[in-house]
Amino acid sequence: MTDYLTQITRAAGTWTGAVATCELSYDARFLRRKVIQTTDGRSVLVDLPKTTSLNHGDALATAEGQLIEIIAAKEELLEITGDNLVQLAWHIGNRHTPCQIEADHLLIQNDPVIGHMLEHLGAVVTKVQRPFTPEGGAYGHGRTHSHEHGHTAHDHNHSHDHAH
């Protein structure tokens, strides 16, 4: 039995008054239907209409109006620093690797192959434990697993037949 059933999300900054919190990793924040646990051990059945990328500070809402805050959990990441940070960011993006961009460093998921490549490009790569909140997709979506663009600056009147 679950303590909460939620089928609605609320964006960070648009709500107040959570009755519980859930700390989820980056990967765990990408869901549609799943049972998750609150930090105090209660269960939440998430049953969203479509697969959704939850951000730090978003909330799940129950039919009764109760809100469960989503917190980005600490996870093992690679901190990337170096004199050529823009070039390093380009190489990370070129590999479609999620990346959190800060003024003086980049954060990526712990991927030894990418880390090794970046070291060969002059980066200093350090393992750290931090919440991971990478940049969203180019068209305003949290993740880019599909080609759906929605109503964005990319709206246009041509076919999306991308056969190569």
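The legends below describe close-up views of a predicted model.

**Figure 1. Overall arrangement of the predicted protein.** The protein contains 2 helices and 10 strands. Read from the N terminus, its elements follow the order β-β-β-β-β-β-β-α-β-β-α-β. Of its 164 residues, 37% count as buried. Among contacts between residues at least 6 apart in sequence, 61% join residues that are at least 24 apart.

**Figure 2. The open six-stranded sheet.** This sheet is open and has 6 strands in the order 2-6-5-1-4-3, with mixed pairing. Strand 2 and strand 3 are the edge strands, each pairing on one side only. From one strand to the next, the twist averages 30°. Strands of a sheet pair through backbone hydrogen bonds, in either the parallel or the antiparallel sense.

**Figure 3. Parallel pairing of strand 1 with strand 4.** Strand 1, spanning residues 4-10, and strand 4, spanning residues 43-53, are paired in the parallel sense over 3 bridges. Within this view, tyrosine 4 stands opposite valine 44 of strand 4. Valine 44 also appears in Figure 5, as a member of the largest nonpolar core.

**Figure 4. The hairpin of strand 3 and strand 4.** Strand 3 and strand 4 pair in the antiparallel sense over 7 bridges. Leucine 31 has threonine 52, in strand 4, as its bridge partner. The two strands form a hairpin with 5 residues between them. In the turn, glycine 41 adopts a positive phi of about 90°.

**Figure 5. The largest nonpolar core and the surroundings of leucine 60.** In soluble globular proteins, nonpolar side chains tend to be buried together. The largest nonpolar core here has 14 residues, of which Cys22, Ile36, Val44, Val46, Leu60 and Ile68 touch the most other members. Strand 2, strand 3, strand 4 and strand 6 (67-72) are the elements that give two or more residues to this core. Apart from residues up to four places away in sequence, leucine 60 touches Thr6, Ile8, Thr9, Ile36, Val46, Leu54, Gln66, Leu67, Ile68 and Ile70. A second, separate core consists of 12 residues, including Leu88, Ile92, Ile114 and Ala123.

**Figure 6. Cysteine 22 and cysteine 99.** The count of disulfides in the model is 0. Cysteine 22 has a relative accessibility of 0% and therefore counts as buried. Cysteine 99 is likewise buried, with a relative accessible area of 9%. Cysteine 22 is among the residues of the largest nonpolar core that touch the most other members.

**Figure 7. The aromatic pair of tyrosine 26 and phenylalanine 132.** A pair of aromatic rings is described by the distance of the centres and the angle of the planes. The model holds 1 aromatic pair. The ring centres of tyrosine 26 and phenylalanine 132 are 5.2 Å apart and the planes meet at 75°, so the pair is edge-to-face; the angle required for that class is over 60 degrees. This pair links distant parts of the chain, with the two positions 106 residues apart in numbering. Tyrosine 26 lies in the loop between strand 2 (20-24) and strand 3 (30-37), whereas phenylalanine 132 lies in the segment after strand 10 (124-131). Both residues, tyrosine 26 and phenylalanine 132, are buried.

**Figure 8. Methionine 117 and histidine 91 between the two helices.** Methionine 117 belongs to helix 2, which covers residues 112-120, and histidine 91 belongs to helix 1. At 18% relative accessibility, methionine 117 counts as buried, because the limit for that class is under 20%. Histidine 91, at 16% relative accessibility, counts as buried as well. Not counting residues up to four places away in sequence, methionine 117 touches His91 and Arg95, while histidine 91 touches Met117 and Leu121. The C-alpha atoms of methionine 117 and leucine 88 are separated by 9.7 Å, and these residues are 29 apart along the chain. Leucine 88 is one of the members of the second core.

**Figure 9. Backbone conformation at histidine 96.** Histidine 96 is located in the loop between helix 1 (85-94) and strand 8 (99-101). Although histidine 96 is not a glycine, its phi is positive, at about 55°. Histidine 96 is exposed, with a relative accessible area of 71%.

Methods: Residues numbered from 1 in each chain as written. Predicted model: local features only at pLDDT ≥ 70, side-chain atom pairs only at ≥ 80, totals over all residues. Heavy atoms only, no water. Phe/Tyr/Trp six-rings, centres within 6.5 Å; stacked < 30°, edge-to-face > 60°. Helix = DSSP H or I, 4+ residues; strand = E, 2+ residues; numbered from the N terminus. Buried < 20%, exposed > 50% of the residue type's maximum accessible area, 1.4 Å probe, protein only. Pairing = 2+ DSSP bridges. Axes fitted to C-alpha atoms, helices over the stretch in contact; angles between N-to-C directions. Core = buried A, V, L, I, M, F, W, Y, C linked by side-chain atoms within 4.5 Å. Contact = heavy atoms within 4.5 Å. Disulfide = S-S within 2.5 Å.
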